[in-house]
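Subject: Structure handover

Hello,

Here is the structure for you to look through. My notes on it follow below.

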Amino acid sequence: MERAWMRGALVALCVWSASAQAAGTGTPDLTREAIENATFQEPQDGSKTSETSKTNETSKTEPKKGSKKDSKSAKKPKEADAKPDPLLVKVQVLLDRARFSPGAIDGRDGENLRGAIKAFAAAQGLPEGDRLTREVFERLQATSKEPVVTQYTITEEDVKGPFVERMPTKMEEQAEVGPMRYTNTREMLAERFHMQRDLLSALNPDVPLDKAGGTLVVAAVPPLGEGKVEGAPVAPKVTRIEVDKRTKRVRAFGEDGKLTADYPASIGSDEKPAPDGSAKVKAVAFDPWYTYNPKYRFKGVKATKKFSIHPGPNNPVGLVWIDLSIPSYGIHGTPDPEKVGKTESHGCIRLTNWDARDLASHTQKGAKVEFLEK
């Protein structure tokens with residue numbers, strides 16, 4: 001599972017940063033150096049754990065897309081929010097590059113992070129659990145010697161857009177928008193580097209995001225691409241996918257039966273639960289149109305006729321649609337990557353846009369998809 005570019009109970013995640021202990025303040029300042037130099041140390045006594053956030057509910061902390069609060073200028077996180085931990089940023093980047101996705105990189109504890117740690121530990125033959133241990137940390141570090149954060153210079157193309165100035169919340173109105181582009185540079189750059197928007201701002205508090213030439217500190221991950229992936233499916237080819245409803249994770253397996261990737265997912269809802277049993281991949285579509293059928297009867301959608309929404313990262317199914325043999329069901333991206341694994345979906349299996357593209361680029365037509373209840 002090598003690759004060139006390599007959040008429940010808080011007590012389950014005992015992490016400690018050397019620089020935090022030295023300062024005696026819990027969480028060190030969020031700097032490039034602190035992230036690169038962060039290391040795991042055993043707590044000095046059995047009761048201490050890191051001062052990481054108990055929750056990562058982005059719906060409470062993230063402004064609505066296109067609102068004035070989600071501005072093009074970098075902003076510091078709210079003081080009431082726990083500070084991102086440099087060590088957890090490092091761990092999340094390493095997990096992402098090893099294809100055990102933690103979802104949007106935010107430097108905080110949460111279900112997505114713990115699920116990724118548990119999956120990685122199991123794949124490494126380490127004791128089962130979602131704790132960050134010395135063994136897990138050392139195995140993660142061994143996956144890649146490259147820096148975990150890097151610098152990126154904002155370009156003229158980044159700031160000129162075009163962007164969608166106001167993103168409607170109703171699907172019927174989204175059909176009138178045209179291409180479902182990003183709402184601002186901050187959203188675009190955060191998603192490009194698999195990051196939560198607040199983390200991008202916290203790492204770069206003095207860099208205006210609406211001007212070219214500024215240098216940002218970003219996660220050193222494969223940047224989110226655009227359009228069709230040439231040569232797809234690329235190696236390692238995925239011939240079987242597991243959709244685990246209990247853990248809210250999607251696992252991909254290669255032709256040799258080995259696990260190749262593991263992603264957090266939003267899987268179904270009470271309104272429209274995910275299917276049972278198994279299915280097959282019928283087709284893979286990059287930059288798909290979304291067509292709403294009134295028979296879906298989604299809550300809040302009053303349309304009585306079909307309508308279609310243009311492609312783009314803010315399309316209801318994001319940048320990818322992996323069509324399944326069960327009618328109207330698929331594995332796809334999302335316009336809200338920070339909510340993956342934390343909110344329900346309209347019956348389908350929703351991944352972050354970057355994880356959906358990664359899975360789609362490796363998945364063969366005809367691949368088996370199994371829905372697991374236990």
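A residue is called buried here if its relative accessible area is under 20%. Please keep in mind throughout that this is a predicted model.

Confidence

The mean pLDDT of the protein is 85, with 80% of the residues at 70 or more. Two stretches are weak. Residues 1-25 have a pLDDT below 50, and beyond near neighbours in sequence this stretch has 83 contacts in the model. Residues 71-80 also have a pLDDT below 50, here with 24 contacts beyond near neighbours in sequence.

Helix α5 and what covers it

Helix α5 takes in residues 111-123. Its 13 residues, at 1.5 Å a residue, should span 18 Å, and the end C-alpha atoms are 18 Å apart, so the expected and the modelled lengths agree. The buried residues in α5 are N112, L113, R114, G115, A116, I117, A119, F120 and A121. Their cover includes two helices, α4 (86-97) and α6 (134-142), and two strands, β4 (249-254) and β5 (259-264). Just after α5, G125 has a positive phi of about 75°.

How the helices pack

Two packed helices are described by the angle between their axes and the distance between the axes. For α5 and α6 the angle is about 80° and the axes are 10 Å apart. That angle falls between 65 and 115 degrees, which means α5 counts as roughly perpendicular to α6. On the α5 side the residues involved are I117, F120 and A121, and they meet V136, R139 and L140 of α6.

α4 also packs on α6. The axes of these two helices come within 9 Å and cross at roughly 55°, so α4 is oblique to α6. The crossing is left-handed. From α4, the residues in contact are L87, K90, V91, L94 and L95; from α6, they are F137, L140 and Q141. L140 of α6 thus appears in the contact with α4 and in the contact with α5.

L94 deserves a separate look. This residue sits in helix α4 and has a relative accessible area of 1%, so L94 is buried. Leaving aside residues up to four places away in sequence, L94 touches L140, Q141, T143, S144 and V148. T143 is 49 residues from L94 in sequence, yet the two C-alpha atoms are 7.5 Å apart in space.

Backbone points to check

Most residues other than glycine have a negative phi, and most peptide bonds are trans. The following residues depart from that pattern.

- R99 is not a glycine but has a positive phi of about 70°. R99 is in the loop between α4 and α5, and its relative accessibility is 7%, so R99 counts as buried.
- H194 has a phi near 60°, again positive in a residue other than glycine. H194 lies in the loop between α9 (185-192) and α10 (197-203). With a relative accessible area of 5%, H194 is buried.
- G161 and P162 are joined by a cis peptide bond, with omega about 5°. P162 is in the loop between α7 (156-160) and α8 (171-174).
- A235 and P236 are also joined by a cis peptide bond, with omega near -5°. P236 is in the loop between β2 (215-219) and β3 (238-244).

Other buried places

P28 is in the loop between α1 (18-23) and α2 (32-37). Its relative accessible area is 8%, so P28 is buried. K83 is 55 residues away from P28 in sequence, while their C-alpha atoms are 8.9 Å apart in space.

How many residues of helix α11 (residues 353-362) are buried? The count is 10 of its 10 residues, so the helix is mostly covered under the 20% cut-off. The buried residues of α11 are N353, W354, D355, A356, R357, D358, L359, A360, S361 and H362.

When you open the model, α5 is a convenient place to start, with its cover from α4, α6, β4 and β5. The loop between α4 and α5, which holds R99, can be viewed next.

Regards

How values were computed: Residues are numbered from 1 along each chain as its sequence is written. This is a predicted model: local features need pLDDT of at least 70, side-chain atom pairs count only at pLDDT 80 or more; totals for chains, interfaces and linings use all residues. Side-chain values use heavy atoms; hydrogens and water are left out. pLDDT is the predictor's confidence in each residue, from 0 to 100. Contact means heavy atoms within 4.5 Å. Helices (H or I, at least four residues) and strands (E, at least two) are DSSP runs, numbered from the N terminus. The expected span of a helix is 1.5 Å times one less than its number of residues. Buried means under 20% relative accessible area, exposed over 50%, partly exposed in between (1.4 Å probe, protein chains only). Axes are lines fitted to C-alpha atoms, for helices over the stretch in contact, and angles run from 0 to 180 degrees between N-to-C directions. Angles under 35 degrees count as roughly parallel, over 145 as roughly antiparallel, 65 to 115 as roughly perpendicular and the rest as oblique. A crossing is left-handed if the near helix is turned anticlockwise from the far one by less than a right angle, and right-handed if clockwise.
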